[in-house]
Amino acid sequence: MESSKKAIEIANKYNFIYATVGVSPNDIENLSKNYIIELQKMANNNKVVAIGEIGLDYYWNKENKEEQKQKFIEQIKLANSLNLPIVIHTREAVQDTIDILKNKIECKQKGVFHCCPLNIELVKEALKLGFNISFAGPVTFKNSKNANEVIKIIPLERMLIETDSPYLSPEPLRGTRNDSRNIKYIAQKIADVKEMPVEKIASITYENAKKIFKL
Ligand SMILES: [Zn+2]
């Protein structure tokens, strides 16, 4: 809730910055009962373009899976009521994430799998369900097994790029603090695999973001 408020403050200060609001699966402890109402109030700000990050994270938290699912679904309902897309965080929770989006609740405006795990099954299901796939630093890591294959199966009009700053700096800067300047390395990696000029990847992903978040 605190970082959502901060994101809006920053977005209101700069016209080229937009915000999302939401509670990540790693922050659901001690959440107030009316957090949905508070999020809804924040989402009324016209710089807020999505509900997120929301989702499931069994890497950091295995003890509260049911609660994570419940909060994920509650926030998808909120996004639906506001007609906003969602930004999904999923880590070591592929099956349950797909199950929710496929069988438990329909997401009206879809949205994006942020920093998408390089899991072929997840990516295929996400595309089938109408979601977009966003790549961060891991796609450039030398030990990322499926990176090239995953990039190949995603149509360009369904692809986004991101930093996930301050985490996950791409090669060749892996291990340093990440920021938006490094986005070019992710674009370059995709350009190499798709055998296209990097400028083309930059402009397509830019247009995709404008369309998905209605910027
Ligand atoms: Zn995340």
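Me: Partly exposed means a relative accessible area between the 20% under which a residue is buried and the 50% over which it is exposed, with a 1.4 Å probe and protein chains only. In this predicted model, what relative accessibility does K210 have?

Reply: K210 is in helix 8, residues 198-212, as is E207, 3 residues apart and about one turn of the helix. Its class is partly exposed, because the relative accessibility of K210 is 30%.

Me: Which side chain does K210 meet in a salt bridge?

Reply: Side chains of opposite charge can pair when their charged atoms come close. The candidate within helix 8 is partly exposed, with a relative accessible area of 41%. From N to O the distance is 3.7 Å, and the partner of K210 is E207.

Me: How many salt bridges are counted?

Reply: A pair counts when a side-chain nitrogen of Lys or Arg is within 4 Å of a carboxyl oxygen of Asp or Glu. One such pair is D179 and R181, at 2.6 Å from N to O, and R181 is exposed with a relative accessible area of 63%. The total by this rule is 10.

Me: Which residues are linked with K69 in a network of salt bridges?

Reply: K69 and D96 form a salt bridge of 3.6 Å, N to O. That pair links distant parts of the chain, since K69 is in helix 3 (residues 65-82) and D96 is in helix 4 (residues 94-104), 27 residues apart. D96 is partly exposed, with a relative accessible area of 21%. The network joins K69 to D96 and E66.

Me: Which residues are the protein donors of the zinc ion?

Reply: Along the chain the donors follow the spacing E-x35-H-x24-H. The two histidines sit in distant parts of the chain, one in strand 3 (residues 86-91) and one in the loop between strand 4 (111-113) and helix 5 (120-128), 25 residues apart. Lying 2.0 to 2.2 Å from the ion, the donors are E53 through OE, H89 through ND1 and H114 through NE2.

Me: Is H114 buried or exposed?

Reply: The cut-off for the buried class is under 20% relative accessible area. The other histidine donor, H89, falls in that class at 15%. H114 has a relative accessibility of 7%, so its class is buried.

Me: Which residue is joined to G52 by a cis peptide bond?

Reply: Most residues other than glycine have a negative phi, and most peptide bonds are trans. Here omega is about -10°. The partner of G52 lies in strand 2 and is one of the zinc donors: E53.

Me: What is omega for the cis peptide bond from S165 to P166?

Reply: P166 belongs to the loop between strand 6 (159-161) and helix 7 (183-194). L168 is in that loop too and has a positive phi of about 55° although it is not a glycine. For the cis bond from S165 to P166, omega is near 5°.

Me: Where does K110, with its positive phi of about 55°, lie?

Reply: K110 is not a glycine, yet its phi is positive. Its relative accessible area is 22%, so K110 is partly exposed. It is placed in the loop between helix 4 and strand 4.

Me: How many residues has the largest nonpolar core?

Reply: In soluble globular proteins, nonpolar side chains tend to be buried together. I51, in strand 2, has 0% relative accessibility and is therefore buried. I51 is among the residues with the most contacts inside the core, as are F72, I76, I86, F113, I133 and F135, and the core's count is 55.

Me: How many residues has the other core, which includes V87, L160, A209 and I212?

Reply: In the largest core, F113 contacts residues including I88, L101, L122 and I133, leaving aside neighbours within four places in sequence. Apart from that core lies the one with V87 and L160, and its count is 8.

Me: Which residues form a nonpolar patch on the surface?

Reply: One member lies in the loop between helix 1 (2-13) and strand 1 (19-21). That residue, Y14, is partly exposed because its relative accessibility is 37%. With about 330 Å² of accessible area together, the members are I10, Y14 and F16.

Notes
Residues numbered from 1 in each chain as written. Predicted model: local features only at pLDDT ≥ 70, side-chain atom pairs only at ≥ 80, totals over all residues. Heavy atoms only, no water. Donors = N, O, S within 2.8 Å, 3.2 Å for Na, K, Ca; no water. Helix = DSSP H or I, 4+ residues; strand = E, 2+ residues; numbered from the N terminus. Patch = residues over 30% accessible without salt bridge, like charges linked within 9 Å, V, L, I, M, F, W, Y side chains within 5 Å. Areas by Shrake-Rupley, 256 points an atom, 1.4 Å probe, with all protein chains shown as cover. Core = buried A, V, L, I, M, F, W, Y, C linked by side-chain atoms within 4.5 Å. Contact = heavy atoms within 4.5 Å.
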